[in-house]
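Trainee: I have a new structure open and no idea where to start. Can you walk me through it?
Mentor: Yes, have a look at it and then ask away.

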Amino acid sequence: MLRSILVVAALAAFATCAHAEGKPLNVVTTTEDLAALAREVGGDRVAVVSLSKGYQDPHFVDAKPSYMVTLKKADLFVEVGRELEVGWAPGLVSGSHNAKIQPGAPGHVDASAQVQVIEVPSSVSRAQGDIHPFGNPHYLLDPANAAPAARAIRDGLARVSPADKATFDAREADFEKRLAVRVAQWKEKAKALGLPGMKVVTYHRSWSYFAKAYGLVVVDFVEPRPGIPPSPNHLQDLVNEMKSGGVRVLLMEPFFDARVPQKVSRDTGVPLAILPTSVGAEDSIKTYFDLFDHMFAELGAALKGGVK
């Protein structure tokens, strides 16, 4: 017990020393979305690195040994949570041998801690595909969920640098104020595009939060179960359903192979919208606000342009 207290005290002293010297806190996130939120909250008090790129599937990231070196220097580690990164991040954090960012330590942040997640399964089995037992982890595709995620990051930053708490509080509050304005604007954009009540098919189950936020009705998926490639029979059933069911658009993430969804689109006459799902998915998407501006612009273009 005494040893644990001494370790925590030493870490706090280190953080205070780093602050006194004016050095930014080293923040490492698992995704570019979280990196963007950390920059909003931390400002010039943080130097932020994301382990994955915005154009990658965050479920599957190559766990490079160099990432352990990056994590070794981190003051704060931020993950999406809900086991999104379970296949690659835990081993990197453990292998970094950085006591500050291990689970339960002050410098470890689960950004989902204050988020109300959806699609929590009542039971889990291999037959269900790659499901997440703690709920759907793609919560940042509802922009309203960026607020509780930002608050979790704020709290983590304040733990590792208490002297900067007032700064982090002010910056997070300002972010929430700006976010609320944009959330209202995106709601109006969704209405203008006719999204509430619109029937859609999605490739993966990434879009549940986006659909819930804007009133889309997801009637089916290209993947019969998460992570399971579609069979010819499933695709034929899907084509028949889309032809007869009034589906308006097929939504897809940019990191999956587009050939099958493109064929489904041609066979049904339903436009395919390949939308960015993260900050950094394209060079011009540098902030969380940019992400949703691009998503609505590209979705609008797909609905207007039809099948190509």
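**Helix H9 and onward**

Mentor: Start with helix H9, residues 259-268, where Pro261, Val264, Ser265 and Thr268 are buried. Keep in mind that this is a predicted model.

Trainee: Why do those buried residues end up on the same side of H9?
Mentor: Because they cover an arc of only 100 degrees around the axis. As a rule, an α-helix has 3.6 residues a turn, so residues three or four places apart point the same way.

Trainee: Which residues are on the other side of H9?
Mentor: Arg259 and Arg266 are there, and they are exposed.

Trainee: And what do the buried ones of H9 pack against?
Mentor: They pack against H8, E7 and E8. After H9 comes Gly269, which has a positive phi, near 80 degrees.

Trainee: E7 and E8 are strands, then. What order do the strands have in that open sheet?
Mentor: The order is E6-E5-E7-E8, four strands with parallel pairing. Strand E6 (217-221) and strand E8 (272-274) are the edge strands, each pairing on one side only. On average, neighbouring strands of this sheet are turned by 30 degrees against each other, direction ignored.

Trainee: How many bridges join E7 and E8?
Mentor: Three, in the parallel sense, with E7 covering residues 249-252. Leu250 has Leu272 in E8 as its bridge partner.

Trainee: Where does H8 lie?
Mentor: Helix H8, residues 232-244, lies across E5 (199-202), E6 and E7, and runs at about 150 degrees to E6.

Trainee: New topic: the nonpolar cores. Which residues touch the most other members in the largest one?
Mentor: That core has 62 residues, and the ones touching the most other members are Leu157, Leu179, Leu195, Phe210, Tyr214, Phe292 and Leu299. Helix H10 (residues 288-305) gives the most to this core, with nine residues.

Trainee: What does Phe292 touch?
Mentor: Leaving out residues up to four places away in sequence, Phe292 touches Leu140, Leu141, Asp142, Pro143, Trp186, Phe210 and Tyr214. A second, separate core has 15 residues, including Leu250 and also Val201, Leu235 and Leu238.

Trainee: Back to helices. Which residues of H4 are buried?
Mentor: In H4, residues 89-96, the buried ones are Ala89, Leu92, Val93 and Ser96. They are on the same side of H4 because their arc around the axis is only 95 degrees.

Trainee: What covers the buried residues of H4?
Mentor: The cover includes helix H3 (65-72) and strand E3 (76-79). His97 follows H4 and has a positive phi, near 55 degrees.

Trainee: What about strand E2: which side chains point to the buried face?
Mentor: In E2 (residues 46-50) the side chains alternate, with Val46, Val48 and Ser50 buried on one face, while Ala47 and Val49 point to the other and are not buried. E2 pairs with strand E1 (residues 25-29) in the parallel sense over five bridges. Asn26 stands opposite Ala47 in E2.

Trainee: Last one. How many residues reach a pLDDT of 70 or more?
Mentor: For the protein chain it is 91% of residues, and the mean pLDDT is 92.

Trainee: Where does pLDDT stay under 50?
Mentor: It does so over residues 1-9, where the model has zero contacts beyond four places in sequence. Residues 12-18 also have pLDDT below 50, and that stretch has four contacts in the model beyond near neighbours in sequence. In general, where pLDDT is low, the predicted coordinates should not be read in detail.

Note on methods
Residues numbered from 1 in each chain as written. Heavy atoms only, no water. Pairing = 2+ DSSP bridges. Helix = DSSP H or I, 4+ residues; strand = E, 2+ residues; numbered from the N terminus. Axes fitted to C-alpha atoms, helices over the stretch in contact; angles between N-to-C directions. Contact = heavy atoms within 4.5 Å. pLDDT = per-residue confidence, 0-100. Buried < 20%, exposed > 50% of the residue type's maximum accessible area, 1.4 Å probe, protein only. Arc of directions from axis to C-beta. Core = buried A, V, L, I, M, F, W, Y, C linked by side-chain atoms within 4.5 Å.
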